[in-house]
Amino acid sequence: MTRGTERTFSRSGWRHGSPAGAVLTLLLLAGCSGGGGGAPATTASTAAPPAAGSAGAPTAPAPPSTPSLKDKIASFFSGATQREPQSVANAQPDIECPFLDIRQGASTLTYPPPPPDGGNEAMSLKYQGTFVRAARDCAVVNGQMVMRVGVQGRIIVGPAGGPGRVDVPLRIAVVSAPLTAPKTVVTRLIRIPVIVGATDANVDFTHIEEGLSFPMPPSSSDQYIVYIGFDPFGAAAEDQAKKPAPAKKPKPKPNPNAPTG
């Protein structure tokens, strides 16, 4: 198995010079410098134990425990730059992981969405999401490439935002980019719940998607690219498809006593 290279992205996903960007930049700086940033939100988390010597801390040393999910996530990102082969059964060595990038036009998430006329309602912005870094590793097992993709991002609270839950629609897509027309090999839409506290100026979130499996490219001219991006439109379409179809109104039965003329 070959480890993929970690990619770190800019913290500011908005356009520089816009009113929303200026306001959110001040909020982000205030949250980072003043300690107002929220703790990373993951699909599963564990509470940190009290520090030794603090009120409520146990007098006896805590028994050894298994690594937390945060430790595993940190280990995945820190190890994503390593190139040593891993012990995977039936894995083919020296396989280059597909390149990982942000899909054009999907680097920023805004709630509510921007107006259709392209206007910039800075003071009505509740939340904005950006990507911080991403990594992937891969192996080839029995002719199939198996990938794991990790993504870290940040939700920034806007002028109209506050405490609540933000559902982050993350799209991961593996695209075949041959010399002719590209095509999607596999794609997944993941919903990541992020809880924003009353004092949070920004909250980090993390997701690791396991088991992205697809056939190897048929020829050396075909290249695979892994795209990540926010997909609120795909999430809205998915929600709409889940809604039951409206019941059809029954046609009125003819009245046998009605005059026939």
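Which strands form a hairpin with 2 residues between them? In this predicted model, the pair is β7 and β8, and Asn 142 sits in the turn.

Let's stay with that turn for a moment. Asn 142 belongs to the loop between β7 and β8. Its phi is near 55°, a positive value in a residue other than glycine. That is worth a second look because most residues other than glycine have a negative phi. Is Asn 142 buried or exposed? Asn 142 counts as exposed because its relative accessibility is 65%, and the cut-off for exposed is over 50%.

**Around β7**

Now follow the chain back from the turn into β7, which covers residues 127-141. This strand is mostly covered, with 13 of its 15 residues buried. On the hairpin side, β7 and β8 (residues 144-157) run antiparallel and are joined by 14 bridges. Strand β6 (residues 108-111) also pairs with β7 in the antiparallel sense, over 4 bridges. Then there is β2, residues 7-8, which runs antiparallel to β7 and is joined to it by 2 bridges.

If you want to find these pairings on screen, start with Arg 133. This β7 residue stands opposite Thr 8, and it also stands opposite Gln 152 in β8. For β6, look at Thr 108, which stands opposite Thr 130 in β7.

Between β6 and β7 there is another spot to check. Pro 112 lies in the loop between these two strands, and the peptide bond joining Tyr 111 to Pro 112 is cis, with omega about -5°. As a reminder, most peptide bonds are trans.

**The four-stranded sheet**

Elsewhere, you'll find an open sheet of 4 strands in the order β5-β12-β9-β10, with mixed pairing. Its edge strands are β5 and β10 (183-196), each of which pairs on one side only. On average, neighbouring strands of this sheet are turned by 20° against each other, direction ignored.

At one edge, β5 (residues 99-102) pairs with β12 (residues 224-230) in the parallel sense over 4 bridges. Leu 100 is a handy landmark here, as it stands opposite Val 226 in β12. Which residues of β5 are on its covered face? They are Leu 100 and Ile 102, while Phe 99 and Asp 101 make up the uncovered face. In a regular strand, side chains alternate between the two faces of the sheet.

At the other edge, β9 (residues 164-176) and β10 pair in the antiparallel sense over 13 bridges. Here Arg 171 has Leu 189 in β10 as its bridge partner. Helix α3, residues 232-242, lies across β9, β10 and β12, and runs at about 90° to β10.

Here are the strand pairings side by side:

| Strands | Sense | Bridges |
|---|---|---|
| β2 and β7 | antiparallel | 2 bridges |
| β6 and β7 | antiparallel | 4 bridges |
| β7 and β8 | antiparallel | 14 bridges |
| β5 and β12 | parallel | 4 bridges |
| β9 and β10 | antiparallel | 13 bridges |

**A histidine in β11**

One last stop is His 207, found in strand β11 (residues 202-215). Why does His 207 count as buried? Because its relative accessible area is 10%, and buried means under 20%. The side chain of His 207 makes a polar contact with the side chain of Glu 209, at 2.7 Å.

Definitions and conventions:
Residues numbered from 1 in each chain as written. Predicted model: local features only at pLDDT ≥ 70, side-chain atom pairs only at ≥ 80, totals over all residues. Heavy atoms only, no water. Buried < 20%, exposed > 50% of the residue type's maximum accessible area, 1.4 Å probe, protein only. Pairing = 2+ DSSP bridges. Polar contact = N/O pair within 3.5 Å; in protein donor to acceptor, adjacent residues only side chain to side chain. Axes fitted to C-alpha atoms, helices over the stretch in contact; angles between N-to-C directions. Contact = heavy atoms within 4.5 Å.
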